[in-house]
Amino acid sequence: MAAKWYKLPLYNFRRERCYCGAKKGRFDGPMIEFQSVSKVYPNGTVGLKDIQLTIYPGEFVVIVGLSGAGKSTLLRSINRLHEITHGEILIDGKSITAARGKPLRMLRRDIGMIFQNFNLVKRSTVLRNVLSGRVAYHSTLRTLLGLFPREDVELALKALERVNIRDKAFVRADQLSGGQQQRVSIARALAQGAKIILADEPVASLDPLTTKQVMDDLKRINQESGITTMVNLHFVDLAREYATRIIGLRAGQLVFDGPVEAATDEAFAEIYGRPIDKDELLGRNGA
Ligand SMILES: Nc1ncnc2c1ncn2[C@@H]1O[C@H](COP(=O)(O)OP(=O)(O)OP(=O)(O)O)[C@@H](O)[C@H]1O
Ligand SMILES: [Mg+2]
(Lines give C-alpha, C1' and ligand atoms only; values in the text may rest on other atoms or scores of the structure.)
(Ligands and ions follow the chains in the order given, each with its own letter.)
Protein backbone atom coordinates (compact mmCIF):
# COMPACT_ATOMS: atom_id res chain seq x y z
CA MET A 1 0.00 0.00 0.00
CA ALA A 2 1.26 3.47 -0.81
CA ALA A 3 2.28 5.57 2.17
CA LYS A 4 -0.24 8.14 3.25
CA TRP A 5 1.58 11.40 3.79
CA TYR A 6 0.17 14.49 5.33
CA LYS A 7 2.13 17.27 3.77
CA LEU A 8 1.75 19.94 6.37
CA PRO A 9 3.92 22.81 5.20
CA LEU A 10 6.11 22.36 8.25
CA TYR A 11 7.05 18.86 7.14
CA ASN A 12 8.88 20.09 4.13
CA PHE A 13 11.36 22.38 5.81
CA ARG A 14 13.56 22.20 8.80
CA ARG A 15 10.82 22.92 11.24
CA GLU A 16 11.08 25.76 13.71
CA ARG A 17 8.74 23.95 16.02
CA CYS A 18 7.91 20.29 16.45
CA TYR A 19 4.34 19.09 16.75
CA CYS A 20 4.45 19.32 20.52
CA GLY A 21 4.89 23.08 20.18
CA ALA A 22 8.29 23.02 21.87
CA LYS A 23 10.62 25.61 20.44
CA LYS A 24 13.71 24.53 18.63
CA GLY A 25 16.68 25.74 20.56
CA ARG A 26 18.99 23.43 22.41
CA PHE A 27 19.29 21.14 19.41
CA ASP A 28 19.90 22.09 15.85
CA GLY A 29 18.51 19.19 13.92
CA PRO A 30 16.55 15.95 14.10
CA MET A 31 16.86 13.75 17.17
CA ILE A 32 16.30 10.46 15.36
CA GLU A 33 16.65 9.83 11.65
CA PHE A 34 15.91 6.63 9.76
CA GLN A 35 17.55 6.64 6.36
CA SER A 36 16.19 3.89 4.08
CA VAL A 37 16.16 1.42 6.96
CA SER A 38 15.28 -2.21 6.34
CA LYS A 39 15.50 -5.21 8.60
CA VAL A 40 15.31 -8.79 7.46
CA TYR A 41 15.48 -11.37 10.26
CA PRO A 42 17.86 -14.31 9.74
CA ASN A 43 14.88 -16.56 8.94
CA GLY A 44 13.89 -14.24 6.08
CA THR A 45 11.03 -12.40 7.80
CA VAL A 46 10.90 -8.77 6.79
CA GLY A 47 10.71 -6.66 9.97
CA LEU A 48 11.13 -3.23 8.40
CA LYS A 49 11.00 -2.14 4.80
CA ASP A 50 12.70 1.02 3.58
CA ILE A 51 11.76 3.26 6.50
CA GLN A 52 12.41 6.94 6.01
CA LEU A 53 11.59 8.86 9.15
CA THR A 54 12.70 11.99 10.97
CA ILE A 55 11.82 12.63 14.60
CA TYR A 56 12.45 16.05 16.11
CA PRO A 57 13.47 16.90 19.67
CA GLY A 58 10.60 16.92 22.11
CA GLU A 59 8.10 15.04 19.96
CA PHE A 60 5.78 12.47 21.56
CA VAL A 61 5.38 9.88 18.84
CA VAL A 62 3.06 6.91 19.11
CA ILE A 63 3.59 3.97 16.78
CA VAL A 64 0.56 1.91 15.91
CA GLY A 65 -0.10 -1.12 13.76
CA LEU A 66 -1.35 -4.67 13.95
CA SER A 67 0.54 -7.34 15.80
CA GLY A 68 3.57 -8.23 13.72
CA ALA A 69 3.57 -4.91 11.87
CA GLY A 70 7.11 -4.11 13.02
CA LYS A 71 6.55 -1.70 15.92
CA SER A 72 8.99 -3.38 18.32
CA THR A 73 11.50 -3.94 15.54
CA LEU A 74 11.40 -0.23 14.73
CA LEU A 75 11.86 0.87 18.34
CA ARG A 76 14.53 -1.69 19.13
CA SER A 77 16.56 -0.88 16.06
CA ILE A 78 17.00 2.68 17.35
CA ASN A 79 19.33 1.64 20.19
CA ARG A 80 20.52 -1.46 18.33
CA LEU A 81 18.79 -4.04 20.44
CA HIS A 82 18.05 -5.26 16.92
CA GLU A 83 20.58 -4.76 14.15
CA ILE A 84 19.21 -3.40 10.91
CA THR A 85 20.24 -5.01 7.64
CA HIS A 86 20.11 -1.95 5.39
CA GLY A 87 20.27 1.82 5.77
CA GLU A 88 21.36 3.98 8.63
CA ILE A 89 19.97 5.39 11.86
CA LEU A 90 21.24 8.70 13.23
CA ILE A 91 20.85 9.85 16.82
CA ASP A 92 21.20 13.58 17.27
CA GLY A 93 23.12 13.67 14.00
CA LYS A 94 25.47 10.75 14.75
CA SER A 95 25.25 7.34 13.15
CA ILE A 96 24.47 4.69 15.74
CA THR A 97 24.56 2.11 12.95
CA ALA A 98 28.25 2.72 12.33
CA ALA A 99 29.23 3.30 15.96
CA ARG A 100 31.38 0.81 17.85
CA GLY A 101 32.91 0.70 21.33
CA LYS A 102 32.85 3.90 23.34
CA PRO A 103 30.97 6.10 20.82
CA LEU A 104 28.24 3.43 20.73
CA ARG A 105 28.05 3.34 24.53
CA MET A 106 27.79 7.13 24.60
CA LEU A 107 24.95 7.13 22.10
CA ARG A 108 23.13 4.38 23.99
CA ARG A 109 23.47 6.36 27.18
CA ASP A 110 21.23 8.99 25.61
CA ILE A 111 18.47 6.45 25.00
CA GLY A 112 16.25 5.14 27.80
CA MET A 113 14.24 2.01 27.15
CA ILE A 114 10.98 1.02 28.78
CA PHE A 115 9.49 -2.44 28.34
CA GLN A 116 6.12 -4.04 28.90
CA ASN A 117 7.59 -6.31 31.60
CA PHE A 118 9.50 -3.42 33.29
CA ASN A 119 12.92 -5.17 33.09
CA LEU A 120 13.84 -4.50 36.72
CA VAL A 121 16.12 -6.50 38.93
CA LYS A 122 13.31 -7.80 41.07
CA ARG A 123 15.32 -8.70 44.15
CA SER A 124 17.08 -5.33 44.30
CA THR A 125 15.73 -2.17 45.86
CA VAL A 126 13.96 0.43 43.81
CA LEU A 127 16.86 2.82 44.37
CA ARG A 128 19.43 0.33 43.11
CA ASN A 129 17.32 -0.26 40.01
CA VAL A 130 17.20 3.46 39.31
CA LEU A 131 20.93 3.78 39.96
CA SER A 132 21.55 1.15 37.30
CA GLY A 133 20.67 3.96 34.87
CA ARG A 134 23.99 5.54 35.89
CA VAL A 135 26.30 2.61 35.08
CA ALA A 136 27.32 3.98 31.71
CA TYR A 137 28.79 7.00 33.49
CA HIS A 138 31.24 5.00 35.58
CA SER A 139 33.92 2.34 35.35
CA THR A 140 32.76 -1.26 35.22
CA LEU A 141 34.61 -2.11 38.41
CA ARG A 142 32.93 0.63 40.39
CA THR A 143 29.49 -0.35 39.25
CA LEU A 144 30.18 -4.06 39.81
CA LEU A 145 30.98 -3.17 43.39
CA GLY A 146 27.78 -1.18 43.52
CA LEU A 147 29.60 2.06 44.25
CA PHE A 148 27.81 5.17 43.11
CA PRO A 149 28.74 8.74 44.04
CA ARG A 150 26.42 10.64 46.33
CA GLU A 151 25.30 12.90 43.49
CA ASP A 152 24.02 9.83 41.68
CA VAL A 153 21.99 8.75 44.68
CA GLU A 154 20.52 12.24 44.91
CA LEU A 155 19.78 12.19 41.19
CA ALA A 156 18.08 8.80 41.53
CA LEU A 157 15.96 9.97 44.46
CA LYS A 158 14.95 13.08 42.49
CA ALA A 159 13.96 10.87 39.57
CA LEU A 160 11.80 8.79 41.89
CA GLU A 161 10.23 11.95 43.20
CA ARG A 162 9.27 12.97 39.68
CA VAL A 163 7.25 9.80 39.26
CA ASN A 164 5.81 10.04 42.77
CA ILE A 165 7.41 6.98 44.35
CA ARG A 166 10.24 8.52 46.35
CA ASP A 167 8.85 6.76 49.42
CA LYS A 168 9.48 3.35 47.79
CA ALA A 169 13.22 3.91 47.31
CA PHE A 170 14.30 1.22 49.78
CA VAL A 171 11.60 -1.31 48.99
CA ARG A 172 12.41 -4.39 46.93
CA ALA A 173 11.27 -3.87 43.34
CA ASP A 174 9.13 -7.03 43.28
CA GLN A 175 7.03 -5.71 46.15
CA LEU A 176 5.67 -2.91 43.99
CA SER A 177 2.52 -2.94 41.89
CA GLY A 178 2.90 -3.15 38.11
CA GLY A 179 2.25 0.57 37.70
CA GLN A 180 4.82 1.41 40.36
CA GLN A 181 7.37 -0.90 38.74
CA GLN A 182 6.84 0.84 35.43
CA ARG A 183 7.45 4.16 37.17
CA VAL A 184 10.73 2.79 38.48
CA SER A 185 11.77 2.07 34.92
CA ILE A 186 10.80 5.62 33.92
CA ALA A 187 12.86 6.94 36.85
CA ARG A 188 15.78 4.80 35.66
CA ALA A 189 15.60 6.46 32.22
CA LEU A 190 15.48 9.87 33.93
CA ALA A 191 18.49 9.09 36.11
CA GLN A 192 20.28 7.93 32.99
CA GLY A 193 19.91 11.45 31.62
CA ALA A 194 18.30 10.10 28.47
CA LYS A 195 17.48 12.51 25.64
CA ILE A 196 15.23 9.87 24.12
CA ILE A 197 12.77 7.47 25.75
CA LEU A 198 11.65 4.44 23.79
CA ALA A 199 8.72 2.61 25.34
CA ASP A 200 7.62 -0.72 23.88
CA GLU A 201 4.02 -1.35 24.99
CA PRO A 202 4.68 0.24 28.39
CA VAL A 203 1.11 -0.18 29.59
CA ALA A 204 0.15 -3.52 28.05
CA SER A 205 0.26 -5.32 31.42
CA LEU A 206 -1.51 -2.60 33.39
CA ASP A 207 -5.14 -1.92 34.27
CA PRO A 208 -6.85 1.13 32.73
CA LEU A 209 -6.36 3.44 35.73
CA THR A 210 -2.68 2.59 36.14
CA THR A 211 -2.29 2.86 32.39
CA LYS A 212 -3.43 6.46 32.54
CA GLN A 213 -1.06 7.26 35.40
CA VAL A 214 1.95 5.81 33.61
CA MET A 215 1.06 7.54 30.33
CA ASP A 216 0.57 10.81 32.24
CA ASP A 217 4.06 10.41 33.75
CA LEU A 218 5.60 9.83 30.33
CA LYS A 219 3.79 12.82 28.89
CA ARG A 220 4.66 15.14 31.77
CA ILE A 221 8.33 14.23 31.57
CA ASN A 222 8.24 14.73 27.81
CA GLN A 223 6.77 18.19 28.29
CA GLU A 224 8.85 19.26 31.27
CA SER A 225 12.21 18.00 30.06
CA GLY A 226 11.68 17.93 26.30
CA ILE A 227 12.73 14.27 26.16
CA THR A 228 11.90 12.90 22.73
CA THR A 229 9.49 10.03 23.35
CA MET A 230 8.46 7.15 21.11
CA VAL A 231 5.84 4.73 22.38
CA ASN A 232 4.31 1.60 20.88
CA LEU A 233 0.67 1.33 21.83
CA HIS A 234 -2.15 -1.02 21.08
CA PHE A 235 -5.01 1.25 22.05
CA VAL A 236 -6.21 3.70 19.45
CA ASP A 237 -7.82 6.11 21.93
CA LEU A 238 -4.66 6.23 24.06
CA ALA A 239 -2.59 6.92 20.97
CA ARG A 240 -4.82 9.87 20.13
CA GLU A 241 -4.88 11.18 23.68
CA TYR A 242 -1.14 11.29 24.24
CA ALA A 243 0.62 11.53 20.89
CA THR A 244 1.63 14.69 19.13
CA ARG A 245 2.39 12.60 16.08
CA ILE A 246 1.23 9.15 15.03
CA ILE A 247 3.16 6.71 12.90
CA GLY A 248 1.39 3.74 11.36
CA LEU A 249 3.18 0.57 10.34
CA ARG A 250 1.87 -2.25 8.24
CA ALA A 251 3.93 -5.29 7.30
CA GLY A 252 7.14 -3.41 8.09
CA GLN A 253 6.23 -0.39 6.00
CA LEU A 254 5.46 3.15 7.07
CA VAL A 255 1.88 3.66 5.91
CA PHE A 256 0.92 6.68 7.98
CA ASP A 257 2.79 9.61 9.41
CA GLY A 258 0.93 12.64 10.62
CA PRO A 259 -0.18 14.82 13.48
CA VAL A 260 -2.74 13.38 15.84
CA GLU A 261 -5.56 15.39 14.22
CA ALA A 262 -5.02 13.51 10.96
CA ALA A 263 -5.28 10.11 12.66
CA THR A 264 -8.99 9.69 12.04
CA ASP A 265 -10.90 6.41 12.27
CA GLU A 266 -10.47 6.12 8.51
CA ALA A 267 -6.73 6.58 8.82
CA PHE A 268 -6.57 3.84 11.45
CA ALA A 269 -8.69 1.57 9.27
CA GLU A 270 -6.11 2.02 6.54
CA ILE A 271 -3.21 1.28 8.87
CA TYR A 272 -4.95 -1.84 10.17
CA GLY A 273 -6.44 -2.87 6.86
CA ARG A 274 -9.84 -3.07 8.57
CA PRO A 275 -12.05 -0.92 10.82
CA ILE A 276 -11.00 -0.34 14.44
CA ASP A 277 -12.01 -3.18 16.70
CA LYS A 278 -13.56 -2.46 20.09
CA ASP A 279 -10.65 -4.35 21.72
CA GLU A 280 -8.42 -1.60 20.43
CA LEU A 281 -10.21 1.03 22.52
CA LEU A 282 -9.16 1.18 26.13
CA GLY A 283 -12.09 3.36 27.15
CA ARG A 284 -14.81 0.93 26.10
CA ASN A 285 -12.80 -2.16 26.78
CA GLY A 286 -11.47 -1.33 30.19
CA ALA A 287 -13.90 0.92 32.04
N1 LIG B 1 13.63 -12.65 16.37
C2 LIG B 1 12.85 -12.74 15.30
N3 LIG B 1 13.10 -13.63 14.32
C4 LIG B 1 12.33 -13.70 13.23
N5 LIG B 1 11.25 -12.93 13.01
C6 LIG B 1 10.94 -12.03 13.95
C7 LIG B 1 11.71 -11.87 15.14
N8 LIG B 1 11.16 -10.89 15.88
C9 LIG B 1 10.10 -10.44 15.20
N10 LIG B 1 9.96 -11.12 14.03
C11 LIG B 1 8.94 -10.92 12.99
O12 LIG B 1 9.07 -9.59 12.51
C13 LIG B 1 7.80 -9.01 12.28
C14 LIG B 1 7.65 -7.75 13.12
O15 LIG B 1 7.66 -8.11 14.48
P16 LIG B 1 7.53 -7.07 15.67
O17 LIG B 1 7.79 -7.81 16.92
O18 LIG B 1 8.36 -5.89 15.36
O19 LIG B 1 5.99 -6.67 15.55
P20 LIG B 1 5.09 -5.76 16.50
O21 LIG B 1 4.42 -4.75 15.63
O22 LIG B 1 5.90 -5.25 17.63
O23 LIG B 1 4.00 -6.80 17.01
P24 LIG B 1 3.24 -6.92 18.44
O25 LIG B 1 2.14 -5.89 18.42
O26 LIG B 1 2.71 -8.29 18.43
O27 LIG B 1 4.25 -6.67 19.53
C28 LIG B 1 6.78 -10.08 12.62
O29 LIG B 1 6.45 -10.75 11.44
C30 LIG B 1 7.53 -11.01 13.54
O31 LIG B 1 7.03 -12.32 13.47
MG1 LIG C 1 5.87 -5.56 19.70
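What percentage of the 287 residues in the chain is buried? The answer is 45%. Keep in mind as you click around that this is a predicted model.

**The whole chain**

Start with a cartoon view. You'll find 10 helices and 11 strands in the chain. Now turn on contacts, leaving out pairs with a separation under 6: residues 24 or more positions apart account for 71% of what remains.

**The sheet with order 3-2-5-6**

Select strands 2, 3, 5 and 6. Together they form an open sheet of four strands, ordered 3-2-5-6 and paired antiparallel. Strand 3 (46-55) and strand 6 (94-95) sit at the edges, each pairing on one side only.

Zoom in on strand 2 (residues 32-40). Its link to strand 5 is antiparallel and consists of five bridges; to see where the two face each other, pick Ser38, which stands opposite His86 in strand 5. Now look towards strand 3: here strand 2 makes six bridges, again in the antiparallel sense. Ile32 has Ile55 of strand 3 as its bridge partner.

Follow strand 2 round into strand 3 and you pass through a hairpin with five residues between the strands. Stop at Gly44 in that hairpin, where phi is positive, near 95 degrees.

**Ligand 1**

Next, select ligand 1 and show what surrounds it. The shell takes in Tyr41, Asn43, Thr45 and Gly47, then Gly65, Ser67, Gly68, Ala69, Gly70, Lys71, Ser72 and Thr73. Which element gives the largest share of this shell? Colour helix 1 (residues 71-78) and you have it: three residues come from there. If you recolour the shell by class, you get nine polar residues, two nonpolar and one charged.

**Two positive phi angles**

Keep going past helix 1 into the loop that leads to strand 5 (86-91), and select Arg80. Its phi is positive, about 65 degrees, although Arg80 is not a glycine. That deserves a second look, because most residues other than glycine have a negative phi. Is Arg80 buried, exposed or partly exposed? Count C-beta neighbours inside 10 Å and you reach 16, so Arg80 is partly exposed.

Then jump to Asn119, in the loop between strand 7 and helix 3 (126-131). Asn119 also isn't a glycine and has a positive phi, about 50 degrees. With 14 other C-beta atoms within 10 Å, Asn119 counts as partly exposed.

**Strand 8 and its partners**

Now for strand 8 (residues 196-200). Why is this strand largely enclosed by the rest of the structure? Because five of its five residues are buried. Rotate the strand to check both faces: Ile196, Leu198 and Asp200 are buried on one side, Ile197 and Ala199 on the other.

Bring up the strands beside it. Strand 7 (residues 111-115) runs parallel to strand 8, joined by five bridges, and Met113 stands opposite Leu198. Strand 9 (residues 228-232) also pairs with strand 8 in the parallel sense, over five bridges. Pick Ala199 and you'll see Val231 of strand 9 as its bridge partner.

To trace the path from strand 8 to strand 9, add helix 7 (residues 208-225). The three elements make a β-α-β unit, and it is right-handed.

**The nonpolar core**

Show the largest nonpolar core, which has 77 residues. Those with the most contacts inside it are Val62, Val130, Ala187, Leu198 and Ala239. Helix 6 (residues 178-191) gives the most to this core, namely six residues. As background, nonpolar side chains in soluble globular proteins tend to be buried together.

Centre on Ala187. Setting aside neighbours within four places in sequence, Ala187 is in contact with Val130, Ala159, Leu160, Arg162 and Val163.

**Last stop: Val163**

Finish on Val163, in the loop between helix 5 (150-162) and helix 6. Although Val163 is in a loop, it counts as buried, because it has 24 C-beta neighbours inside 10 Å. Outside the four places on either side in sequence, its contacts are Arg183, Ile186, Ala187 and Asp217. For a final distance, draw a line from the C-alpha of Val163 to that of Ser185: the two are 22 residues apart in sequence and 9.9 Å apart in space.

Terms used:
Residues numbered from 1 in each chain as written. Chains lettered and ligands numbered in written order. Predicted model: local features only at pLDDT ≥ 70, side-chain atom pairs only at ≥ 80, totals over all residues. Near = placed C-beta within 6 Å. Nonpolar A, V, L, I, M, F, W, Y, C, P; charged D, E, K, R; others polar. Buried ≥ 20, exposed ≤ 12 C-beta atoms within 10 Å, placed from the backbone. Pairing = 2+ DSSP bridges. Right-handed = clockwise from strand over helix to strand, strands pointing away. Core = buried A, V, L, I, M, F, W, Y, C linked by C-beta atoms within 7 Å. Contact = placed C-beta atoms within 7 Å.
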